[in-house]
Each structure stands twice: as structure tokens, then as C-alpha cells.
4 protein chains.
Amino acid sequence: MGAEIDLSAIVADIAAEMAAAPDRGRPADYIPPLAAIDPNRFGIAVIEMDGTCHLAGDADEAFSIQSISKVFALTLALGHVGDQLWRRVGVEPSGSAFNSIVQLEAEQGIPRNPFINAGAIVVADILLGRHEPREAIGETLRFVRALAGDDTIVIDRAVAEAELATGHRNAALANYMRSFGNIHHPAERTLGVYFHQCALAMSCRQLALAGRYLMAAGANPGTGRQVVSRLRARRINALMMTCGHYDGSGEFAFRVGLPGKSGVGGGILAVAPGRASVAVWSPGLNARGNSQLGTLALERLVQRTGWSAFEAG
Amino acid sequence: MGAEIDLSAIVADIAAEMAAAPDRGRPADYIPPLAAIDPNRFGIAVIEMDGTCHLAGDADEAFSIQSISKVFALTLALGHVGDQLWRRVGVEPSGSAFNSIVQLEAEQGIPRNPFINAGAIVVADILLGRHEPREAIGETLRFVRALAGDDTIVIDRAVAEAELATGHRNAALANYMRSFGNIHHPAERTLGVYFHQCALAMSCRQLALAGRYLMAAGANPGTGRQVVSRLRARRINALMMTCGHYDGSGEFAFRVGLPGKSGVGGGILAVAPGRASVAVWSPGLNARGNSQLGTLALERLVQRTGWSAFEAG
Amino acid sequence: MGAEIDLSAIVADIAAEMAAAPDRGRPADYIPPLAAIDPNRFGIAVIEMDGTCHLAGDADEAFSIQSISKVFALTLALGHVGDQLWRRVGVEPSGSAFNSIVQLEAEQGIPRNPFINAGAIVVADILLGRHEPREAIGETLRFVRALAGDDTIVIDRAVAEAELATGHRNAALANYMRSFGNIHHPAERTLGVYFHQCALAMSCRQLALAGRYLMAAGANPGTGRQVVSRLRARRINALMMTCGHYDGSGEFAFRVGLPGKSGVGGGILAVAPGRASVAVWSPGLNARGNSQLGTLALERLVQRTGWSAFEAG
Amino acid sequence: MGAEIDLSAIVADIAAEMAAAPDRGRPADYIPPLAAIDPNRFGIAVIEMDGTCHLAGDADEAFSIQSISKVFALTLALGHVGDQLWRRVGVEPSGSAFNSIVQLEAEQGIPRNPFINAGAIVVADILLGRHEPREAIGETLRFVRALAGDDTIVIDRAVAEAELATGHRNAALANYMRSFGNIHHPAERTLGVYFHQCALAMSCRQLALAGRYLMAAGANPGTGRQVVSRLRARRINALMMTCGHYDGSGEFAFRVGLPGKSGVGGGILAVAPGRASVAVWSPGLNARGNSQLGTLALERLVQRTGWSAFEAG
């Protein structure tokens with residue numbers, strides 16, 4: 001099937017369709033700098049195994065990747081502590097919204113998975129380790145730059161500070177897990193790491209580049225370097241499939257059928273193993289907090305390429 | 001990678017390993033006829049796209065497929081009412097045990113997905129439609145026989161009757177959803193359909209044969225007949241991935257990485273799109289109610305074949 | 001304080017105020033015969049320790065007492081099985097609506113208290129004991145007639161049958177508890193007892209008469225006969241205070257400050273220990289399912305009489 | 001009945017019985033200074049309307065009143081903002097443990113009542129108002145000293161600091177409510193007020209003296225000064241009855257039948273309107289976190305005096 005696909009044409013078509021889409025969702029309004037983004041933006045980047053890159057729309061405009069950073073932070077933390085990480089975070093979909101605290105009460109402070117906020121805060125606590133927050137943030141930035149092969153990637157400090165000032169619910173999650181012993185540092189230190197990681201500003205192109213190791217059994221196809229083991233790459237993809245879109249994860253698997261991770265900035269990173277690393281961006285969100293047009297664009301991409309994880313290639 | 005695989009050897013190895021496994025889980029004890037099954041049983045059947053069949057262990061011994069039947073019932077019901085079905089059942093993992101009633105209260109009688117009991121009871125209610133329970137049960141049996149190409153498949157009425165007599169929690173679920181208008185028939189009629197469907201007795205071979213349409217984009221590769229559309233086959237696989245193992249679905253995706261559906265009889269049907277339809281059976285269950293050795297066997301099968309949905313073939 | 005009170009004037013005033021009240025709430029609509037009741041009805045009966053009876057409005061019109069019957073059923077069941085009853089039902093407010101099923105899942109089928117539906121269904125199951133439903137229903141009717149000293153009290157079978165036909169949520173509760181072993185009879189038999197008890201038709205006068213033992217340390221002041229022990233009368237009053245109005249119990253204690261039990265038919269039985277047994281009725285309900293004007297009338301009665309349990313007489 | 005009671009003898013008997021009680025519960029262990037208290041301590045103080053004071057055991061030994069302080073803080077806050085307070089805090093029993101966060105998620109950051117931790121933190125936030133934490137703490141201390149007529153009452157700063165250092169769950173509650181806008185100050189400032197208030201050290205005698213206004217329709221019988229209106233005194237008593245013992249409130253009403261408020265330091269303040277203000281103390285707690293012997297002592301006091309709110313005097 002792959003031979004007949006004209007990916008560049010497909011990507012251009014999708015961008016054109018998305019430009020004309022009437023229902024664009026609503027940008028997140030609880031982080032002031034994000035609320036100001038123009039909802040008409042749309043970008044897409046598809047990078048194939050051989051490095052061929054298909055871009056359309058605002059594919060080179062940086063946006064706040066927010067929760068997509070949880071994929072990179074998890075990868076880094078697994079490198080630090082290995083499978084011990086799973087003693088502090090589960091691997092099950094939560095069935096709840098991204099910031100729910102209910103599940104933590106019943107399950108003694110162990111978050112369901114590393115992609116809900118509580119789980120990602122535990123991962124940030126692991127990355128903090130014995131370091132200063134500044135050091136842990138620097139390490140994450142260097143890691144993402146290396147993955148993307150692009151040293152121009154930065155953290156948007158205005159976004160990080162806005163979140164620190166208003167992130168009371170995340171402070172609640174961190175303190176709550178600390179009461180169970182599952183956060184080891186004072187909440188403000190761990191959250192410093194977490195909010196800066198979420199404030200990474202990347203374009204679709206940079207994001208798709210950074211995600212290449214997930215389509216390639218854990219190796220960065222640009223450098224040939226093994227980022228994580230093949231087994232871990234598979235498992236990270238599995239988590240993206242079952243837990244990557246909060247309480248909309250089932251719907252994303254149903255409609256799109258690829259491992260994916262969304263952020264409230266409107267971005268989604270999706271992985272077609274053996275085929276492509278894909279990033280889309282459109283700021284308007286659907287009712288579950290995932291990019292409205294980003295999801296639709298990926299659904300169409302899979303329809304036209306047959307790249308679903310649930311069907312033979 | 002596929003060229004180098006000696007599937008028959010792998011299947012035989014796994015069966016030998018499972019025969020020696022010390023921790024075999026515990027058979028379900030709440031359905032009396034199931035509690036009596038010998039926990040030392042283990043069977044596996046792998047059927048490739050071209051029909052090649054690899055069997056080992058007790059692959060030809062019939063067992064109670066229980067919740068695996070929900071896959072076939074969903075397929076049949078989608079044929080009857082199409083996507084209207086999704087008005088009455090969701091597509092999200094529940095984050096809860098198979099028989100939880102909590103989620104139904106918050107979500108007004110709409111079950112999270114068709115593979116938890118509540119969702120499958122709604123599907124049974126749809127299959128009942130304007131028919132008598134006996135007719136709906138007969139239709140399901142004929143459908144499964146046709147999928148497997150085997151008219152010797154039967155329903156174990158002793159199991160169905162044991163469940164009718166003790167299935168108070170399912171009666172609670174049905175009545176509860178009826179109070180929201182999401183069950184249209186008296187509970188005992190809908191449950192009659194549901195319990196008989198769960199009491200289908202099939203061997204691993206029969207089950208893997210019946211599941212072939214899910215590896216082949218909706219078409220039965222034995223007959224060439226389209227069972228469901230390509231899109232629906234993909235979606236059923238997606239639901240099996242995110243919701244097929246109750247509150248152990250995330251772990252199954254993490255460890256095995258294939259769409260799968262388990263039953264408390266100890267069976268699991270798993271699908272490697274484009275490659276194989278797989279059925280395993282071992283009566284002992286793990287803490288989440290899924291076959292202990294069945295899961296382990298599938299994990300090893302994927303390790304040796306590279307058939308994960310989260311990795312290129 | 002008591003000496004200065006002109007109870008008859010107070011009762012008449014309240015009835016006049018209630019006749020003019022603009023916001024009367026909404027009658028329950030899920031039991032057809034109840035939905036047809038004129039929302040302009042209001043009745044009040046205050047019976048003092050010495051038997052003096054103050055009536056106003058529709059105090060002699062029979063209405064469906066519904067959940068108020070749970071007080072009498074509890075009293076009767078305590079007579080049958082004593083404090084063993086508390087192994088099957090708790091004594092804590094539920095914090096939830098009258099028909100919530102969530103709490104039962106977390107607490108293994110033990111209802112929080114005997115005044116939520118689940119708890120009252122367990123009480124009905126106890127009353128059923130080894131009898132036929134018909135016998136248990138007859139015993140309850142005779143008990144209430146004896147308490148009120150009025151053999152004309154009847155059960156409205158049209159109401160009981162309407163509830164049996166539509167009471168799917170109560171059937172869910174009964175089956176759910178049965179799955180935990182806390183209902184001993186088939187759900188339809190226990191519910192038969194429960195729905196008939198709820199369908200008792202009584203006037204305010206009859207209800208206040210029947211409730212006299214609760215103001216008088218367990219003895220019927222009309223006959224002098226001890227209905228329950230002094231300790232049990234106190235405990236039943238305590239349960240009415242903390243659990244008598246579902247998730248509006250706190251508000252009732254806050255506003256009225258007397259042990260009370262409401263029913264969706266719009267009635268409330270309230271007890272001022274040592275002073276009076278009071279029944280009010282007005283069909284319109286507030287958001288929590290308790291009589292809007294009945295609550296307001298009791299609030300005013302306590303304001304003018306000083307009968308609060310939370311203040312010296 | 002009152003005339004025949006020899007209160008001093010009753011109080012002495014109860015103290016003797018409690019001294020011999022084998023099952024004394026377990027002191028709270030999560031606040032280090034409290035864990036060190038000798039579980040053999042028991043004190044009781046009963047102060048009648050006329051000021052007569054009956055003491056026994058360790059009635060003059062100061063202990064950490066902890067959550068009992070919520071009664072005084074609520075009284076003070078109602079004086080500051082009046083019934084507007086009820087826009088930010090409910091009046092219903094929670095049905096949950098003292099520090100549950102689940103209910104807050106469903107109810108948008110509005111705590112069920114002012115006696116669970118979340119509610120008391122809102123009350124502390126109100127008391128903080130435009131002041132510095134130091135000022136608000138000072139005001140609360142002066143208020144309690146005035147109620148008790150005893151300027152020697154102090155705050156145990158070691159206890160307050162221990163709680164600030166370990167109170168991660170309360171920090172979670174405060175931040176969580178702040179995310180809904182129901183906490184107006186930074187969490188650490190509001191919690192500073194809250195933890196100091198909880199660290200009030202008082203003896204049974206001082207506590208019973210401070211609680212006199214609740215038995216006397218809102219007026220301090222020692223000074224004749226109206227502390228709160230009669231209606232508010234009644235309502236505070238109502239809240240103590242329905243919500244004063246967390247998820248053991250129903251049981252306390254059932255067994256004791258008086259408005260009461262417990263603290264994890266092992267104290268309980270109970271009110272017999274028109275008769276007495278009572279304080280008991282014993283450090284060992286029962287499973288619900290309420291004083292084991294304190295509850296038993298009050299149960300016996302009510303048995304022998306007939307002071308139940310649910311029975312005529």
C-alpha cells in the first residue's frame with residue numbers, strides 16, 4: 001500500500017481542509033499566554049523513517065507543547081531509574097480528566113499513568129532527584145534538543161511562570177501525593193521542574209523530529225543512536241495509545257488508531273511505527289481538552305495512508 | 001523479520017514453558033461450573049493470514065469463552081444498528097473493574113465501553129431487539145459458527161443457567177441502566193441473551209478461527225466474505241486494545257501490545273493485524289481477572305515474533 | 001416558654017402562610033399516581049404529649065407516605081431481630097442522594113443507614129424473613145394502624161403497583177446488595193414488601209398519631225404501651241436527625257433542628273421529644289426531594305415554639 | 001428528672017470506669033508531639049448553666065484541642081461575614097473521612113461543612129481576611145480566652161510547626177480549593193492560621209467553659225454577653241450533631257445523642273442545651289479518629305442523666 005501514497009499531497013490536502021474547517025474548538029483559557037493564540041493556526045509535520053519531511057501550514061511556528069513533554073520526560077526518567085519508575089506510577093488509563101484527584105485517594109497516591117498530571121509530576125520528581133530544579137530543567141531541555149537535533153529549542157519562561165502562579169490544582173496534586181510519600185521534594189521544587197518542562201516551545205517540525213525514536217524501535221533514525229531500548233519504545237507507544245489523551249484516549253484510539261500524546265497548547269505528537277513521526281498543531285480544543293483539528297487531521301491522515309496500528313500496512 | 005520466524009517452534013516452546021510455570025493464577029470461583037476446571041490446562045492456537053494453523057497444548061479443548069463473546073456480539077450488533085450503537089455505549093476505558101456500577105451513576109446509565117459487563121448488556125439488549133431471547137441467542141450462535149466455519153460450536157446451557165441463578169450483580173447493572181432508559185427490555189430477557197452468549201464453549205482453535213476477520217481488515221480470510229467494514233474492524237481492534245482487559249487493559253497493552261479480549265473462563269483472543277489471529281487459554285486468573293498464563297504466553301509470543309502493534313514488523 | 005405558646009394559633013398561622021407561599025416546589029413525577037396530586041395542598045397536624053391535637057389545612061386528607069414508612073418498618077424490624085439489624089445496615093449519613101448505588105460498591109453491599117432506599121430495602125428483607133410478602137405487608141399495616149389507633153389506614157395498591165412496574169433503580173439496589181449476600185430473598189419478593197410499605201396512605205393526623213411513641217421515650221402515650229425501648233426510641237430519633245432527609249439531612253437539622261423523616265409524596269414526620277409529634281404535607285419538593293413547604297412550615301413552627309433539639313425548652 | 005441527679009457522683013464514677021477501661025484506642029501518630037501523649041490520661045469537665053463545675057481525672061491538664069477549635073473559628077467567622085459564609089461552605093455531613101478530597105472535585109471546591117478539614121480551612125481563610133496570619137491567630141486566641149474567661153490559654157507552637165511541616169494533605173486541600181477560587185490567600189498563609197488555631201492547648205475545664213454559650217442560646221452564662229445570636233447557636237449545635245465527628249457523626253448521634261465536636265488530640269466538646277457544657281479528653285482514638293474513651297464517657301453520661309437531645313428531659 002505504501003508505494004502508492006503521495007504523502008506530500010496528502011499532507012497539503014489535509015492542511016487545506018483544516019484551514020477551511022468551521023468548528024475549530026476553543027483554545028485553553030486557564031494559562032493566559034495560551035489564551036492569546038490565534039485559533040486559526042494549523043500546522044502539520046510528517047517525518048518518514050528515511051528522514052523525508054512533509055510540512056504544511058504553520059509547521060515551523062513554535063507553540064507550547066505542554067503535556068506532550070510528558071513523553072520526553074518519561075523517556076528520560078526511565079533512563080535514570082529504569083523500571084523502578086513503575087513502583088511510583090501505574091500504566092492504566094484513568095478514565096478521568098487530566099487533573100482529577102479522586103483516583104489518587106482510592107489508590108494511595110499512586111497515579112494511574114505517567115501522562116495524567118499527577119503521574120507526570122511524579123516523573124518530574126524523579127528527574128529532580130538530587131539536583132537543583134534548574135539543573136533538572138536544563139537536562140530535559142538538552143535531551144529534547146538532542147532528540148530533535150535542534151539547539152534552538154527553548155523554554156518559554158513566561159508560560160512557565162504563568163503556570164507556577166496559577167497552577168493551584170497541580171500544587172494540590174503534588175502535596176496530596178507527598179502526603180502519601182510519593183513526592184519526595186517540596187511541592188514548589190518539583191512543580192518548578194514540571195512547569196518548565198511543559199513550557200517547552202517547539203514547532204511541529206521540531207516535535208516530529210524529537211519523536212522519531214518512537215517510530216524506530218527506540219533508535220533516533222537521524223543519528224542511529226539508541227535513545228531507549230526497543231522494549232521501552234514499544235511500551236511508551238502503548239502508554240500513548242491507552243493514556244495519551246486523558247479521558248479521550250479511547251476515542252483517539254477509536255478514531256485515529258495511533259499512539260499519540262496531546263497537549264493543551266493544541267499540539268499532538270503521533271507515531272506510526274516503522275513509517276512516520278507526526279506532529280500537528282491547532283490551538284482550539286475539543287470538550288476533552290485535545291486539539292479539535294489536530295485530531296481530525298490525524299484521523300484523515302490515517303484514512304488516506306492506512307497507517308492505523310489496528311490494521312496491516 | 002517475519003521470514004526468520006519459525007512459528008510452530010515458538011508456539012510449541014511457549015506451551016512447554018507454560019506447562020512448567022509455577023504461578024498459574026486462580027480460576028474464577030463465582031460461576032460453579034468454571035471453578036471445577038483443572039488449572040493445569042493450557043492451550044494456544046495461532047492462525048496466520050494464509051490459514052496456516054499452529055496449535056499446542058489443549059488447543060482443541062472447549063472452554064467457556066465468557067467475555068470474549070462480547071467481541072462477536074458487538075460485531076453483530078454493529079451490523080444491526082450501525083453507529084447508532086455508540087449513542088448507548090461509549091468507547092473509553094473505564095478505569096474500573098469489569099462489573100463496577102459507579103461509573104454508570106455519574107454518566108447517566110451510558111456504559112463506558114462495550115466490553116465491560118454493563119456495555120455488553122446494552123449490546124445484548126440491542127441484539128434482542130424485537131426478537132425472543134431464544135431467537136437472539138440462536139442468531140449469535142449461528143454467527144460465531146459461521147465466523148469459525150465450524151457448526152459443532154455450542155452453548156453450554158449449564159453455565160448459562162448457573163450465571164442466571166447467581167448473576168445478581170449483572171441484574172443490578174441491567175436494572176440500573178433500565179432506570180435511565182438505556183435497557184429497553186425486562187432485565188431477565190436481556191440477561192438471558194447475555195448469559196447464553198457468554199456461555200459459548202469454544203476451543204482455542206475455534207476461537208482463533210472466529211477472530212480471523214479482525215486481522216484481515218474485516219474480511220474472513222477463509223471465505224473472503226466481508227464480516228464488517230475495514231473501518232469497523234479497525235475500531236473493534238482499537239476497543240480491544242484500550243478496553244479489552246477491564247482495569248488491566250493498560251497493562252495488557254504495555255506488556256503484550258496487541259488488541260485482545262479476555263474472559264473469566266481463562267481465554268484470550270488477540271489480533272496481530274495482517275499477521276495472525278491468536279487464542280490462548282489457561283483457567284487461572286490474575287488479580288485483574290485476566291488469564292495469568294494466557295497473558296504471559298502472549299507476551300512471549302510478541303517478544304519472539306515482533307508482532308506488537310507498537311513496533312514496525 | 002411552653003406556657004405562653006398558643007399552639008392552635010401558630011398552627012393556623014402557618015397553614016395560612018403556606019397557602020399563600022408562591023414557591024411550592026415540584027411534585028415527584030416518576031411515580032405516576034403521585035404526579036397527579038394538586039401542588040396547592042398543604043396539611044399540618046401537631047399532637048401534644050397529652051393528646052391535644054392541632055390541625056390545619058388538609059390535615060385529614062390521605063397521601064402516600066412513601067419513605068416516612070421507613071421509620072415504622074425500622075421500628076418493627078428492630079423488634080424482630082434486635083441490634084443484629086445493625087450488622088446489615090449502618091447508622092451514618094450517606095452524603096448522597098436517596099437512591100445512590102455508589103456507596104454500596106465501596107462498602108460491600110452494606111447501606112449507610114436504614115433511611116436511604118438501599119437500607120430500607122434491607123429492612124424490608126428482614127421483615128420478609130420466613131414469611132410470604134403478603135404476610136409481611138399485612139404485619140406492617142397492622143403495626144401502623146395500631147400506632148395510630150386507626151384501623152381505616154390502607155395501602156394504596158395502585159401506587160405500589162406503579163412503583164413495582166417502574167422501580168428499576170430499586171431493583172438494581174436490591175440485586176446489587178444480593179450479590180454481596182445482604183439481601184436474602186429474590187429481589188422481586190423483597191421489593192414487593194418494600195413498595196407496599198411505601199404505598200401506605202395516611203393523613204397528617206394519622207401520621208402524627210402513629211409517630212407519638214418517638215416523642216414519648218418509646219411508649220405510645222395514647223395507650224401507654226411501650227412500642228420500643230427508650231434507648232431505641234432515642235436512636236431512631238438520632239437517625240431521623242442525621243439521615244432522615246437524604247443529602248438534605250444537614251440542611252434540615254440546620255434549619256428545623258428536629259428529628260424528621262420525609263417522603264417523596266410530600267409528607268414529613270417530625271418529633272419534638274417530650275412535646276409533640278408533628279406531621280406536615282405539601283406535594284411540591286425541593287431540589288433534594290424533600291417537601292418544600294413542609295420544611296418551611298416546620299422551620300416556622302420551631303421558630304415560634306422554640307422546640308429545637310438544639311436549644312433548651 | 002434533673003432534681004434527682006447527683007452529677008458529681010456520676011462524673012466521678014465515669015472517670016473511675018474510664019481509668020479501668022482496657023481498650024483505650026490509639027493516639028494519633030501523624031503529628032509527632034501528639035503521638036507522645038500517655039494514653040492512660042482521661043479527663044472530664046461538666047459545667048452546668050448556673051456555673052457549677054464537676055471535674056474528674058485529668059480535667060485540668062492542657063491538651064491539643066485540634067479540630068474542636070473549628071467550632072470557635074466558625075463562631076468567630078460568622079461574626080465577621082455573617083451568613084455569606086454559607087456561600088463558601090455547606091451544611092451537610094460529608095459521609096467521608098476528615099481529610100477526603102473526593103467530594104471537593106464533584107462539588108467544585110465547596111466543602112460539605114465547616115468541620116471537615118477543607119471546610120475549616122475555608123473558615124480560616126475568612127478569618128485571615130485582610131489581616132496578617134499573626135493577627136488572625138491572635139484574634140482567635142483572644143476570642144477563646146474570652147469565652148473561657150481564662151487568659152492563660154496558649155497556642156502550642158511546637159504542635160503548629162509540626163503540622164505545618166507535615167501537613168501535605170491539608171496543603172493539597174487548600175490548593176485544590178484555591179483552584180476553584182474558594183481559598184483567597186496563598187495556601188501557606190491560610191494554613192498558618194489554620195494550624196495555629198488547631199494547636200490551641202486547653203484543659204477540659206477551659207474547653208467546657210469556652211463552650212458554655214452553646215448550651216445557653218448563644219449567651220455566655222458567665223458574663224451574660226451574647227456571643228452569637230440564638231439562631232446561630234442552634235445552627236452551630238445542629239452542625240455539631242450532624243457533622244461533628246467526620247464519618248463517625250452518625251454513630252456519635254446514635255450512641256451519645258448530643259451535639260459534639262471531636263479533635264484528634266483526643267478531646268470532645270459536647271453540649272446539652274439548657275443543661276451543661278461538657279468536655280472530655282482521652283488520647284486514644286477509635287477507627288474513625290474520635291476519642292475512644294471520650295465517646296464512651298459521654299455515652300454513659302447521657303445514659304445516667306437523660307440529657308439526650310432525642311428525649312424529653
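By what turn and what shift along the axis can chain D be laid on chain A?

**View 1. Chain D laid on chain A in the predicted model.** A turn of 180° with a shift of 0.0 Å along the axis lays chain D on chain A, and the RMSD is 0.0 Å. That is the relation of a two-fold axis. To find the axis in chain D, look for D:Ala172: its C-alpha is the nearest to the axis, at 1.9 Å. Both copies use the same surface, as 100% of the contact residues of chain D recur in chain A.

**View 2. The area buried between chain D and chain A.** Here 14 residues of chain D are in contact with 14 residues of chain A. About 1,400 Å² is buried between the two chains, and carbon and sulfur atoms give 63% of that area. Three residues to pick out in chain D are D:Glu105, D:His168 and D:Arg169, which lose the most area to chain A and together make up 38% of what that side buries.

**View 3. Salt bridges and polar contacts between chain D and chain A.** If you are hunting for salt bridges here, the count is 0. For polar contacts, the count is 1 residue pair, with both residues at pLDDT 80 or more.

**View 4. The elements of chain D that touch chain A.** Two helices of chain D, H4 (102-106) and H8 (168-179), each give two or more residues to this side. The largest share comes from H8(D), with 8 residues. Sorted by class, the side of chain D that touches chain A has 6 nonpolar, 5 polar and 3 charged residues.

Conventions
Residues are numbered from 1 along each chain as its sequence is written. Chains are lettered from A and ligands numbered from 1 in the order in which they are written. This is a predicted model: local features need pLDDT of at least 70, side-chain atom pairs count only at pLDDT 80 or more; totals for chains, interfaces and linings use all residues. Side-chain values use heavy atoms; hydrogens and water are left out. Contact means heavy atoms within 4.5 Å. Buried area is the accessible area (1.4 Å probe) that two parts lose on being put together, summed over both. A salt bridge is a side-chain nitrogen of Lys or Arg within 4 Å of a carboxyl oxygen of Asp or Glu. A polar contact is a pair of N or O atoms within 3.5 Å; within protein, one must be able to donate a hydrogen and the other to accept it, and residues adjacent in sequence count only if both atoms are side-chain atoms. Helices (H or I, at least four residues) and strands (E, at least two) are DSSP runs, numbered from the N terminus. Ala, Val, Leu, Ile, Met, Phe, Trp, Tyr, Cys and Pro count as nonpolar, Asp, Glu, Lys and Arg as charged, and the others, Gly among them, as polar. Copies are superposed by least squares on the C-alpha atoms of residues with pLDDT of at least 70 in both.
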